[in-house]
Structure formats: C-alpha cells, structure tokens
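New to this one? Here's a quick briefing to read with the structure open beside you.

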Amino acid sequence: MRCDLHVHTTASDGTVTPTALITQACETGIGRLAISDHDTLAGYDEAAKSLSTDASASLELIPGIELSTQWEKTGIHVLGLNFNPASDAIRDAVYHQQGARQRRAERIAEKLEKLGIPDPLAGASRIAEAAPIGRPHFAQYLIESGVVANTEIAFKKYLGAGKAGDVREYWASMPQIIEWIREAGGTAVLAHPAKYNLTKSKLVRLIDAFRDAGGLGMEVISGAQSDGETERLAKLCNQKNLLGSVGSDFHRPGQRWAMLGHVPLIPGSCTPVWDQW
Ligand code: AMP
Ligand code: MN
Ligand code: MN
Ligand code: MN
C-alpha cells in the first residue's frame with residue numbers, strides 16, 4: 001500500500017485545502033495518509049470530517065502533526081503520528097506551540113523591521129490567514145514587498161539558519177514534545193534527519209538524544225531522494241533500533257522533490273512505524 005505520512009495543507013504552510021488534499025491523495029493512489037501540519041490539528045480535523053462524508057474516498061487517515069523544537073541550537077522537527085487527536089496531551093502541545101509561534105513571529109518581525117522591512121507582522125499575518133504564522137508567510141511577504149525575488153533568497157538572506165528569522169527559543173523542548181506525543185498515545189518520529197545539515201557524528205548524537213527522550217522512529221524517506229540516501233538512513237535507523245517512516249513533505253503542487261505520494265518504498269530491512277499500530 002502506498003503510504004505518505006508527512007504532508008501539509010492550508011492549515012499551516014501548504015497551498016492545498018485539507019478537503020482537496022483528501023481528493024488528490026485518493027487520485028494518487030495513497031492508501032495511508034498522515035496530514036502533519038506545523039503545530040496545528042486544524043487540517044487533520046477538517047480532512048477527517050470531509051473523509052467521513054465522502055463515500056467514494058478509500059483512505060486511512062492517520063492523525064499527524066509536525067512540532068518544532070530545538071536541539072543544541074539546531075531547529076528540529078518532530079512528527080507525532082497516530083495519536084488520539086482528542087487527548088489533553090496533544091491539545092496542550094498545540095496550545096503551547098501556537099503561543100510560541102505567535103511570540104516567535106513578533107520577535108522575527110521586530111528583527112526584520114530593524115533591517116528596514118515595513119510592517120512584517122501585519123503582512124505575514126494577512127498571508128497566513130487562519131494558519132499559525134510561519135517563516136514561509138514572511139517569505140511571501142518579502143516577495144510581495146519587492147524585497148526579494150523568490151522564497152529561496154528570502155530564506156538565504158532573512159529567514160534561514162543564522163538569519164533574522166532563525167528564532168528557536170520559544171519552542172517547547174524536545175523531551176517535552178516527545179512526552180506530549182507519547183501521552184497522547186502516538187509515535188514520535190524524527191522528521192527529515194538529513195535536512196539539518198549536521199555532521200554524521202552530530203546527527204548520531206541527535207538521534208541518541210531523541211531516542212533517550214522516548215522517540216520511537218525516524219523518517220528514512222523524505223520526498224524524492226537518492227537510493228544512496230535511503231540506504232544511509234535505513235542503516236542508521238536500524239543501528240539505532242528505530243522504526244522507519246516515509247513522507248513526501250508535500251506543501252504545494254509543482255515541487256518535484258516533494259510530490260504528494262511520490263516517495264521511494266521503505267527498504268525491507270526497516271520496521272515501518274505502521275507495523276505497531
Ligand atoms: P517555520 O515552521 O515557521 O519554522 O518554517 C519552516 C518551513 O519553511 C518549512 O517547513 C518549509 O516549509 C519552509 N522552508 C524552510 N526552509 C526553506 C527554504 N530554504 N526555502 C523554502 N522554504 C523553506
Ligand atoms: Mn513547512
Ligand atoms: Mn519539517
Ligand atoms: Mn513538513
């Protein structure tokens with residue numbers, strides 16, 4: 001069965017509504033889907049509702065969320081999968097992280113204003129609409145204001161690691177995040193481990209810290225990636241006795257490296273996260 005356990009909707013920084021995403025996932029032949037919006041369950045909630053009223057949709061929708069944190073000054077993302085969406089623990093996590101996201105947005109805006117950008121908070125809020133404000137919303141505002149030509153440059157100059165938008169101190173700690181997910185009955189999965197630009201030894205230390213805090217899995221596949229990359233991550237996953245997960249990290253159509261449902265198969269050597277659900 002085709003699985004995609006990491007996708008975004010308009011509830012965070014994606015461009016496809018949760019309802020449309022369900023339709024597209026069915027058309028793509030996905031059998032098991034987790035909507036994992038940044039620090040919100042609104043997309044999952046809406047998708048679950050639309051799935052329950054659409055008799056033609058045959059899809060297993062797994063509750064998901066992508067929670068932001070930091071470890072040793074590196075911004076890290078933890079996926080919560082297959083938790084009880086009504087649990088106090090996951091609702092506490094969302095409440096805390098959304099407060100953190102708002103305070104972080106205010107701090108980022110202050111720093112951008114000092115760099116001469118007018119009204120960044122109002123601009124990013126307008127673009128985010130009901131979604132918790134994220135850096136992609138600031139990026140969009142910088143493009144609309146004519147400050148930068150595209151998102152890549154916005155991250156390179158203003159929002160990426162070491163720049164004004166790199167504000168991490170408001171997030172809950174990694175152990176706290178993992179505890180919320182566990183308490184909610186879910187599986188904590190380290191998202192896209194290769195994307196943090198860590199040295200091999202530092203990545204191993206991150207994985208050890210993640211495991212020591214109760215993390216159970218890691219993404220072995222994140223979007224389109226080479227066979228060599230899959231092999232390297234599968235080896236690490238098995239060495240550390242973690243479960244393996246698979247996700248496209250889909251945000252919008254047209255990004256060839258993150259297409260909905262277009263992910264390599266998980267290697268047979270890995271135990272998939274869904275085996276224990
Ligand atoms: P935030 O959740 O506010 O920290 O924003 C992080 C999100 O920004 C990621 O989930 C991606 O969707 C997006 N992002 C991160 N880095 C880049 C980049 N270099 N170019 C485009 N989008 C990025
Ligand atoms: Mn994102
Ligand atoms: Mn992420
Ligand atoms: Mn993501």
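Which residues does A47 touch, leaving out those up to four places away in sequence? They are P18, I22, I35 and L61. Keep in mind as you look around that this is a predicted model. The points below start with A47, then move on to a metal site, the nonpolar cores and ligand 1.

**Around A47**
- You'll find A47 in helix 2, which covers residues 42-52.
- A47 counts as buried because its relative accessibility is 0%.
- A20 sits 27 residues from A47 in sequence, and their C-alpha atoms are 8.6 Å apart in space.

**The manganese site**
- Four residues coordinate the manganese ion (ligand 4): H6 and H8 through NE2, E66 through OE and D249 through OD, at 2.1 to 2.2 Å.
- Read along the chain, the donors of this ion (ligand 4) have the spacing H-x1-H-x57-E-x182-D.
- The pair H8 and E66 links distant parts of the chain, 58 residues apart: H8 is in the loop between strand 1 (2-7) and helix 1 (18-28), while E66 belongs to strand 3 (residues 60-71).
- Both H8 and E66 are buried.
- There's another manganese ion to look for: ligand 2 is 4.6 Å from ligand 4.

**The nonpolar cores**
- The largest nonpolar core is made of 49 residues, and L190, L206 and M218 have the most contacts inside it.
- Helix 7 (residues 174-183) supplies the largest share of this core, with five residues.
- Not counting residues up to four places away in sequence, M218 touches a whole list of residues, including V189, L190, P193, I207, L233 and L236.
- A second core, separate from that one, has 18 residues, among them A105, L112, Y141 and L142.

**Ligand 1 and its surroundings**
- The residues surrounding ligand 1 are D13, H38, R101, R104, G134, R135, P136, T151, F155 and H251.
- Two arginine side chains come up here: a polar atom of R101 lies 2.9 Å from an oxygen atom of ligand 1, and an N or O atom of R104 is 2.3 Å from a ligand 1 oxygen.
- With R135 it's the backbone instead, where a polar atom is 2.7 Å from an oxygen atom of ligand 1.
- On its own, ligand 1 would expose 500 Å², and the protein buries 70% of that.
- Helix 3 (88-114), helix 5 (135-144) and helix 6 (151-159) are the elements that each give two or more residues to the shell around ligand 1.

How values were computed. Residues numbered from 1 in each chain as written. Chains lettered and ligands numbered in written order. Predicted model: local features only at pLDDT ≥ 70, side-chain atom pairs only at ≥ 80, totals over all residues. Heavy atoms only, no water. Donors = N, O, S within 2.8 Å, 3.2 Å for Na, K, Ca; no water. Helix = DSSP H or I, 4+ residues; strand = E, 2+ residues; numbered from the N terminus. Buried < 20%, exposed > 50% of the residue type's maximum accessible area, 1.4 Å probe, protein only. Core = buried A, V, L, I, M, F, W, Y, C linked by side-chain atoms within 4.5 Å. Contact = heavy atoms within 4.5 Å. Near = heavy atom within 4 Å. Polar contact = N/O pair within 3.5 Å; in protein donor to acceptor, adjacent residues only side chain to side chain. Areas by Shrake-Rupley, 256 points an atom, 1.4 Å probe, with all protein chains shown as cover.
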